[in-house]
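Here are my notes on this one, jotted down as I went through it. Have a look at the structure first, then see whether the points below read sensibly to you.

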Amino acid sequence: MADQLRFDNQVVVVTGAGGGLGKAYATFFASRGASVVVNDLGGSFKGEGGDSKAADVVVNEIKAAGGKAVANYDSVENGDRIIDTAIKAFGRIDVLINNAGILRDISFKNMKDLDWDLVMKVHVKGSYKCARAAWPYFRKQKYGRVINTASAAGLFGNFGQANYSAAKLAMVGFTETLAKEGAKYNIICNVIAPVAASRMTETVMPPDLLALMKPEWVVPLVAVLVHKNNTSESGAIFEVGGGHVAKLRWERSGGLLLKCDSSYTPGAVLKKWDRVTDFSDPQYPSGPNDFITLLEDSQKLGPSEQGDKVDFTGRVALVT
Ligand code: NAI
């Protein structure tokens, strides 16, 4: 017991906790002493309908095991009501897990505005609304932990998921900014790209693979990241699932610096394209300011360091 990561006296809000990953988080945190708000709209995986049963079942399960939980049935688009539930029931909020999600997969050619808008509303607006409502409490108490949920589809793209990919990569920028704004107030924010067997994946993956991806196996990383002992790992991206846990980061090629004078033509860029794409001497940028150094460096270049003075005639193939 002594070396368990515990969450006694903490209040954890888990959105979309009626099934899949959210249920695994909710039951875990309750089993480790936290009071949990089990939010779930209870709709279909495409974002249609609603039913209070999804959250109720999980709350009953937690209570039957001796834990503390309350249900909330609001859509994450009304994140303020979800956070209110935490405050009214337990008087505080310590951890927010933005997990609720839907899919509206369809090839881009056939995508409708509704497919785009619903996915953006649940993932992007929903995560924003919940975090925004929790933020004043986090700042005031100088303590907060946030997990946002991205996806491999967002990081790498995936056929039929232009809407979902856009929404999921948005979670990365959102997290990176919240981590920077929250640092002063001991608000730690990280983003995960999980893989797990759930109703979202059960129709697209074979049963033998699904058996290797239990939602419970995503939980340990999340527990580590939102625990009070994590005071340094913030603004980071993790892949997690099936026992695999890895951190991802942005990598920039060593790159090309060209003097910004009349010699800076498209042809000059093409001439040195191998340097633009050469990752043998990479950089790992962590903020927009990194770029300013590069801008300054490019202004210091003398003519001999420029890309060759190639006249660009308008046709790539002509550049030698
Ligand atoms: P799931 O469909 O089992 O769970 C999502 C839950 O969110 C459902 O219970 C649903 O009712 C709830 N929900 C949907 N819209 C809501 C809304 N507007 N307000 C409140 N609750 C709402 O799916 P799963 O797999 O557990 O997904 C959890 C998160 O992980 C999602 O954000 C998903 O995009 C993400 N994810 C999952 C992956 C996987 O392999 N299962 C892969 C990558 C990302």
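1. Two helices are worth finding first: helix 1 (20-31) and helix 4 (113-141) each supply at least two residues of the shell around the ligand. Helix 1 gives the most to that shell, with 3 residues. Keep in mind that this is a predicted model.

2. As for the rest of the ligand's surroundings, 32 residues surround it in total. The closest are Gly 16, Gly 20, Gly 101, Ser 151 and Ser 198. Split by class, the shell around the ligand comes out as 18 polar, 12 nonpolar and 2 charged residues.

3. Back to helix 1, this time for its packing. How does it sit against helix 8 (residues 219-226)? The two pack at an angle of about 55°, and their axes are 10 Å apart. That angle is why helix 1 counts as oblique to helix 8, since the oblique class takes whatever is left outside under 35, 65 to 115 and over 145 degrees. The crossing of helix 1 past helix 8 is right-handed.

4. Which residues make that contact? Helix 1 brings Ala 24, Tyr 25 and Phe 28, while helix 8 brings Val 219, Val 222 and Ala 223. By class, the contact of helix 1 with helix 8 has 6 nonpolar residues, with no polar and no charged ones.

5. Finally, the overall layout. The domain assignment of the protein chain gives domain 1 as 11-248 and domain 2 as 266-318. Taken over C-alpha atoms, the centres of domain 1 and domain 2 are separated by 40 Å.

How values were computed. Residues numbered from 1 in each chain as written. Predicted model: local features only at pLDDT ≥ 70, side-chain atom pairs only at ≥ 80, totals over all residues. Near = placed C-beta within 6 Å. Helix = DSSP H or I, 4+ residues; strand = E, 2+ residues; numbered from the N terminus. Nonpolar A, V, L, I, M, F, W, Y, C, P; charged D, E, K, R; others polar. Axes fitted to C-alpha atoms, helices over the stretch in contact; angles between N-to-C directions. Left-handed = near helix turned anticlockwise from the far one by under 90°. Contact = placed C-beta atoms within 7 Å. Domains from an automatic or database assignment.
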